[in-house]
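Dear colleague,

Please find below the structure that I am handing over to you, together with its sequence. My findings are set out after it.

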Amino acid sequence: MKYIGIMFILTGWLLSSGAVQAHGSSHHGAVSPKHTSGNRELKAFGQAGDPSKVSRDIQVFMDDKMRFVPGTININKGETVRLRIENRGAVMHELVIGTQDELVAHAQMMRKTPGMKHDAPYMVHVNPGHTGEIIWQFTQSGSFQFACLIPGHFEAGMVGTVVVK
Ligand SMILES: [Cu+2]
């Protein structure tokens, strides 16, 4: 019985660490450096943008009311934009672009793994009083979302919409 118990614990440990690794490689790990031209991961909502092709800057504000201003961003299909994301709050916030399903799954992962480090060209973490940026090309029309996935923030409604036409 003792042996089976140990096996069970080991299996559980392997599964959980495997899940974290899978998350790392699919979302955050092995991501090419920001703003480089080669090896871009194509997402349902587009790909990392080329800074030389930015057609406009879009200012987005975040604060501790758990809201983005503006809450909706309109983009022309194919357009490369620079999101300039200012954190006017007193705590860290982030902006992660994704499909609704991706963001819900990602938020769940964040709750399970507090303090998880993550990075990708479609997200930025911004310390209080700072401004971060994302350069992104929206290659597909549709309705997408951006959210702060810090546990508690997403649940409080820190979600916005990107409409690409
Ligand atoms: Cu937040």
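The notes that follow take the two sheets in turn, then the helix, the core and two individual residues.

The model is a predicted one: local features need pLDDT of at least 70, side-chain atom pairs count only at pLDDT 80 or more, and totals for chains, interfaces and linings use all residues. Residues are numbered from 1 along each chain as its sequence is written.

**First sheet**

Helices (H or I, at least four residues) and strands (E, at least two) are DSSP runs numbered from the N terminus, and two strands pair if DSSP finds at least two bridges between them. On these terms, one open sheet has five strands in the order β1-β8-β5-β2-β3, with mixed pairing. Its edge strands are β1 (47–48) and β3 (67–69), each of which pairs on one side only.

Strand β2 (residues 56–63) is antiparallel to β3, with three bridges between them; aspartate 63 has arginine 67 in β3 as its bridge partner. Strand β5 (residues 80–87) runs parallel to β2 and is joined to it by seven bridges. Here the partner of isoleucine 58 is leucine 83 in β5. Seven bridges also join β5 to strand β8 (residues 131–137), in the antiparallel sense, and leucine 83 stands opposite isoleucine 134 in β8.

**Second sheet**

A further open sheet of five strands follows the order β4-β10-β9-β6-β7, again with mixed pairing. Strands β4 (72–75) and β7 are at its edges with a single partner strand each, so one side of each has no neighbour in the sheet. The twist from one strand to the next averages 20° (axes are lines fitted to C-alpha atoms, for helices over the stretch in contact, and angles run from 0 to 180 degrees between N-to-C directions).

Four bridges pair β4 with β10 in the parallel sense, and isoleucine 75 faces valine 164 in β10. Strand β6 is antiparallel to β7, through four bridges, with histidine 93 opposite valine 126 in β7. Three bridges join β6 to β9, also antiparallel; glycine 98 stands opposite glutamine 145 in β9.

How many of the residues of β6 are buried? Six of its six residues are, where buried means that 20 or more other C-beta atoms, placed from the backbone, lie within 10 Å of a residue's own; exposed means 12 or fewer, and partly exposed lies in between. In a regular strand the side chains alternate between the two faces of the sheet. In β6, His93, Leu95 and Ile97 are buried on one side, and Glu94, Val96 and Gly98 on the other.

**Helix α2**

Helix α2 (residues 100–112) lies across β6 and β9 and runs at about 140° to β6. Its 13 residues should span 18 Å at 1.5 Å a residue, and the 19 Å between its end C-alpha atoms agrees with this (the expected span is 1.5 Å times one less than the number of residues). Leu103, His106, Ala107 and Met110 of α2 are buried. These residues lie on the same side of α2 because they cover an arc of only 105° around the axis, taken from the directions from the helix axis to the C-beta atoms.

**Nonpolar core**

A nonpolar core is a set of buried Ala, Val, Leu, Ile, Met, Phe, Trp, Tyr and Cys residues joined through C-beta atoms within 7 Å. The largest has 34 residues, of which Leu95, Val96, Ile97, Trp136, Ala147, Cys148 and Leu149 touch the most other members. Strands β2, β5, β6 (93–98), β7 (123–126), β8, β9 (142–147) and β10 (159–164), together with α2, each supply at least two residues of this core. Residues are in contact if their C-beta atoms, placed from the backbone, lie within 7 Å; not counting residues up to four places away in sequence, leucine 95 touches several residues, including Val60, Leu83, Ile134 and Cys148.

**Glycine 132 and asparagine 87**

Glycine 132 lies in β8 and is partly exposed, with 19 other C-beta atoms within 10 Å. Asparagine 87, in β5, is buried, with 25 such atoms within 10 Å. The C-alpha atoms of these two residues, 45 residues apart along the chain, are separated by 8.3 Å. Leaving aside neighbours within four places in sequence, glycine 132 is in contact with Ile85, Val124, His125 and Val126. With residues up to four places away likewise not counted, asparagine 87 touches Met62, His93, Val126, Asn127, Pro128, Gly129 and His130.

Yours sincerely

Notes: Two residues are in contact if their C-beta atoms, placed from the backbone, lie within 7 Å.
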